[in-house]
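Here's a quick briefing to read alongside the model. Take a look at the structure first, then the notes below.

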Amino acid sequence: MDTQLLWFASRATGAVSLVLFTAVMVLGILTAGRAELAGLPRAGVQRLHRTLSMVSVAFLAVHIVTAIADGYVDLNYWDIILPFGAGYDPFWIGLATVAVDLLLAIGITSALRRRLPLRVWRAVHLTAYAMWPLALAHGWGVAGGDGRELWLIVVDIVCVAAVFGALAFRLRPDRHPDSVARAAAAVVHPPTRVEANR
């Protein structure tokens, strides 16, 4: 296969992976704690989150395979799992490796979710908050990539804004799960006149 085609495929799928994983992060942030999206039932939100995650992993797999198959840089399949040992740009590739390791842990524990204590699954799943910025940093810093090209800088800014916007929305006091539960309870059981005057 044409190595130039592999190189372009690796760069393109890396950028698409970032956008897709950003969408997964935003969806996860907005719907954490059983929150629902307007017009989409909880089961639909979970299915969308799972589907986006799997599509993201597929693009990431193509990104990794094409980067190794290209042969232009010194990478092998061990570099996917063992961080900071790559023959090419070991620090920035190492960040991506740590992100992949976290992704593997999230995937394995999600597959075993029914057999694990909820707190174990949740603790591992929260590592996505570390995985995403590591992947973002990898894309920006790896030598020979598009990280400093204007179009990818714009993509990075949009992705960061989306994640921080979702966090800001989620962390609003009126969006906290306890506040949402109290508001729902107030609709079901409105306070009596005596309770309201306390």
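Let's start with one helix of this predicted model: in H6, the buried residues are Leu-152, Asp-156, Cys-159, Val-163, Ala-166 and Arg-170. They line one face of the helix, because seen down the axis of H6 they fall within an arc of 100°. That fits the usual rule: an α-helix has 3.6 residues a turn, so residues three or four places apart point the same way.

**More on H6**
- H6 covers residues 150-170, which makes 21 residues.
- From first C-alpha to last, H6 reaches 30 Å, close to the 30 Å expected at 1.5 Å a residue.
- Flip to the face turned away from the buried side of H6 and you'll find the exposed residues Leu-150, Ile-157, Val-158 and Phe-164.

**The fold as a whole**
- The protein chain has eight helices and zero strands, so to speak a plain run of α-α-α-α-α-α-α-α when read along the sequence.
- Of the 198 residues in the protein chain, 30% are buried.
- Take the contacts between residues at least 6 apart in sequence: 58% of them join residues at least 24 apart.
- The accessible surface of the chain is about 12300 Å², and carbon and sulfur atoms account for 69% of that.

**Helix H2**
- H2 runs over residues 42-70, 29 residues in total, and reaches 42 Å from its first C-alpha to its last. That's close to the 42 Å expected at 1.5 Å a residue.
- Its buried residues are Gly-44, Val-45, Ser-56, Leu-60, His-63, Ile-64, Thr-66, Ala-67, Ile-68 and Asp-70.
- What do the buried residues of H2 pack against? Their partners are helix H1 (3-31), helix H3 (90-111) and helix H5 (128-141).
- Just past the end of H2 sits Gly-71, with a positive phi of about 75°.

**The largest pocket**
- The largest pocket has a volume of about 1500 Å³.
- It's lined by 40 residues, and the closest to its centre are His-49, Ile-106, Ser-110, Trp-121 and His-125.
- H1, H2, H3, helix H4 (118-125) and H5 each put at least two residues into the lining of the largest pocket.
- Which helix gives the most to that lining? H2 does, with 12 residues.

**Putting H2 together**
- H2 turns up twice here: its buried residues pack against H1, H3 and H5, and H2 also supplies 12 residues to the lining of the largest pocket.

Key
Residues numbered from 1 in each chain as written. Predicted model: local features only at pLDDT ≥ 70, side-chain atom pairs only at ≥ 80, totals over all residues. Heavy atoms only, no water. Helix = DSSP H or I, 4+ residues; strand = E, 2+ residues; numbered from the N terminus. Buried < 20%, exposed > 50% of the residue type's maximum accessible area, 1.4 Å probe, protein only. Contact = heavy atoms within 4.5 Å. Areas by Shrake-Rupley, 256 points an atom, 1.4 Å probe, with all protein chains shown as cover. Expected span 1.5 Å × (residues − 1). Arc of directions from axis to C-beta. 1 Å grid on protein atoms, 1.4 Å probe; cavity = no way out; pocket = protein on both sides within 12 Å on 5 of 7 lines; lining within 4 Å. Points joined across faces, edges and corners; volume = space filled by probe spheres on them.
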